[in-house]
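Please read the following walk through a protein model with the sequence and the coordinates open. The text goes from a loop to the helix contacts and ends with the cysteines.

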Amino acid sequence: IAQVKDACRDGIRAVANSINDEHLIPGGGAFEIAAHLALKECADKTRGKESIGIGIVAEAFLTIPKTLAENSGLDREECLMKLIDGHKNEVTVGLDVETG
């Protein structure tokens, strides 16, 4: 019972904090896709070993959206393409695990 109370209190605090701060961070891998795209752009502008390192880190950010898609029984690559296309069209989107 104590854990349920703690979970409810934490959930209410999270909602209250987002209302008070007037800021939200989208979930479902949205941040990770945005970070991936920003790092890929940086890697394209960089030369040498640094470019390779930045590219590797950019690819590592895709782990969370890939895992979310796989664990939801969705096509991993199709979901990634949709997320990346959405972000390239300046729409910050995360993965909806029910619809893809």
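Which residues does Gly 27 touch, not counting residues up to four places away in sequence? Gly 27 touches Gly 94 and Leu 95, where contact means heavy atoms within 4.5 Å. This is a predicted model, in which local features need pLDDT of at least 70 and side-chain atom pairs count only at pLDDT 80 or more, while totals for chains, interfaces and linings use all residues. Residues are numbered from 1 along each chain as its sequence is written, and side-chain values use heavy atoms, with hydrogens and water left out.

Gly 27 sits in the loop between α1 (2-21) and α2. Helices here are DSSP runs of H or I with at least four residues, numbered from the N terminus. With a relative accessibility of 47%, Gly 27 counts as partly exposed; the scale calls a residue buried under 20% relative accessible area, exposed over 50% and partly exposed in between, using a 1.4 Å probe and protein chains only. The C-alpha atoms of Gly 27 and Thr 92 are separated by 9.8 Å, although the two residues are 65 residues apart along the chain. A second distance leads from the loop to helix α5: the C-alpha atoms of Gly 27 and Ile 84, 57 residues apart along the chain, are separated by 14 Å.

Ile 84 is found in helix α5 and counts as buried, at 16% relative accessibility. Apart from neighbours within four places in sequence, Ile 84 is in contact with Ile 33, His 36 and Leu 37. These residues also appear in the contact between two helices, taken up next.

Two packed helices are described by the angle between their axes and the distance between the axes. The axes are lines fitted to C-alpha atoms, for helices over the stretch in contact, and the angles run from 0 to 180 degrees between N-to-C directions. For helix α2 (residues 30-45) and helix α5 (residues 76-88), the axes come within 10 Å and cross at roughly 70°. That makes α2 roughly perpendicular to α5; angles under 35 degrees count as roughly parallel, over 145 as roughly antiparallel, 65 to 115 as roughly perpendicular and the rest as oblique. The crossing of α2 past α5 is right-handed, meaning that the near helix is turned clockwise from the far one by less than a right angle, whereas an anticlockwise turn would be left-handed.

On the α2 side, Ala 30, Ile 33, Ala 34, His 36 and Leu 37 meet Leu 80, Leu 83, Ile 84, His 87 and Lys 88 of α5. By class, this contact of α2 with α5 has seven nonpolar, two polar and one charged residues. In this scheme Ala, Val, Leu, Ile, Met, Phe, Trp, Tyr, Cys and Pro count as nonpolar, Asp, Glu, Lys and Arg as charged, and the others, Gly among them, as polar.

Helix α2 also packs against helix α3 (residues 49-60), with axes that come within 8 Å and cross at roughly 165°. The two helices are therefore roughly antiparallel to each other, and α2 passes α3 in a left-handed crossing. From α2, the contact takes in His 36, Leu 39, Lys 40, Cys 42 and Ala 43; from α3, Ser 51, Ile 54, Gly 55, Val 57, Ala 58 and Glu 59. The contact of α2 with α3 has six nonpolar, three polar and two charged residues.

Asp 44 also lies in helix α2 and, at 67% relative accessibility, counts as exposed. The C-alpha atoms of Asp 44 and Ile 54 are separated by 9.2 Å, with their positions 10 residues apart along the chain.

How do helix α4 and helix α5 cross, and at roughly what angle? The axes of α4 (residues 63-71) and α5 come within 9 Å and cross at roughly 130°. That makes α4 oblique to α5, and the crossing is right-handed. Pro 65, Lys 66, Ala 69 and Glu 70 in α4 meet Arg 76, Cys 79, Leu 80 and Leu 83 in α5. These residues divide into five nonpolar, no polar and three charged. Asn 71 lies in helix α4 as well and is exposed, with a relative accessible area of 65%.

Among the cysteines, Cys 79 is buried, with a relative accessible area of 5%, while Cys 8 is partly exposed at 45%. The count of disulfides, meaning pairs of cysteine sulfur atoms within 2.5 Å, comes to zero.
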